[in-house]
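Hi,

Here's the structure I promised to pass on. Have a look at it first, and then read my notes underneath.

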Amino acid sequence: MQRKILIVDDDEDLSFIISEMLENHGYRVAASEAARRLLRSFLRISGI
């Protein structure tokens, strides 16, 4: 089973570097630059 990780950071370059590093170690990565946008998406998807 592939592990999943979520990165939330407003620095796109840093998020990209961290994402690449984690993907190279077998993680499935999702990244977002804005916590509010992430929260809205999560709430919409989860039906809360």
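**What I found**

Outside its neighbours within four places in sequence, Val8 is in contact (heavy atoms within 4.5 Å) with Ser32, Ala34, Ala35 and Leu38. Before I go on, a word on the model: it is a predicted one, where local features need pLDDT of at least 70 and side-chain atom pairs count only at pLDDT 80 or more, while totals for chains, interfaces and linings use all residues. Residues are numbered from 1 along each chain as its sequence is written, and side-chain values use heavy atoms, with hydrogens and water left out.

**Confidence and layout**

On pLDDT (the predictor's confidence in each residue, from 0 to 100), the protein averages 84, and 96% of the residues score at least 70. Helix 1 (residues 12–24) has the highest confidence, at 93, and helix 2 the lowest, at a mean of 75, so keep that in mind for the helix 2 notes below.

The protein has two helices and two strands, in the order β-α-β-α along the sequence. These are DSSP runs numbered from the N terminus: H or I with at least four residues for helices, E with at least two for strands. Along the principal axes, the C-alpha atoms fill a box of roughly 35 × 30 × 5 Å. Of the contacts with a separation of 6 or more, 49% are between residues 24 or more positions apart.**Surface and burial**

The accessible surface comes to about 4300 Å², with 55% of that belonging to carbon and sulfur atoms; the areas come from the Shrake-Rupley method with a 1.4 Å probe, and for residues only the protein chains shown count as cover. Buried residues make up 12% of the 48 residues. Here buried means under 20% relative accessible area, exposed means over 50%, and partly exposed is in between (1.4 Å probe, protein chains only).

**The two strands and helix 1**

Back to Val8, which is found in strand 1 (residues 4–8). Val8 counts as partly exposed, because its relative accessibility is 39%. Its C-alpha atom is separated by 17 Å from that of Ile45, 37 residues apart along the chain.

Ser32 belongs to strand 2 (residues 28–32). Is Ser32 buried or exposed? With a relative accessible area of 11%, Ser32 is buried. Setting aside neighbours within four places in sequence, Ser32 is in contact with Ile7, Val8, Asp9 and Leu38. The side chain of Ser32 also reaches the backbone oxygen of Ala34 at 3.2 Å. From C-alpha to C-alpha, Ser32 and Glu20 are 14 Å apart in space and 12 residues apart in sequence.

Ser19 lies in helix 1 and is buried, because its relative accessible area is 10%. Not counting residues up to four places away in sequence, Ser19 touches Ile7, Val29 and Ala31.

**A nonpolar patch**

Leu39, Phe42 and Leu43 form a nonpolar patch on the surface, together with about 280 Å² of accessible area. Patches are made of residues with over 30% relative accessible area and no salt bridge; like charges are joined within 9 Å, and nonpolar side chains (Val, Leu, Ile, Met, Phe, Trp, Tyr) within 5 Å. A salt bridge is a side-chain nitrogen of Lys or Arg within 4 Å of a carboxyl oxygen of Asp or Glu. Leu39 sits in helix 2 (residues 35–46), and at 48% relative accessibility it counts as partly exposed.

Cheers

Methods:
Polar contact = N/O pair within 3.5 Å; in protein donor to acceptor, adjacent residues only side chain to side chain.
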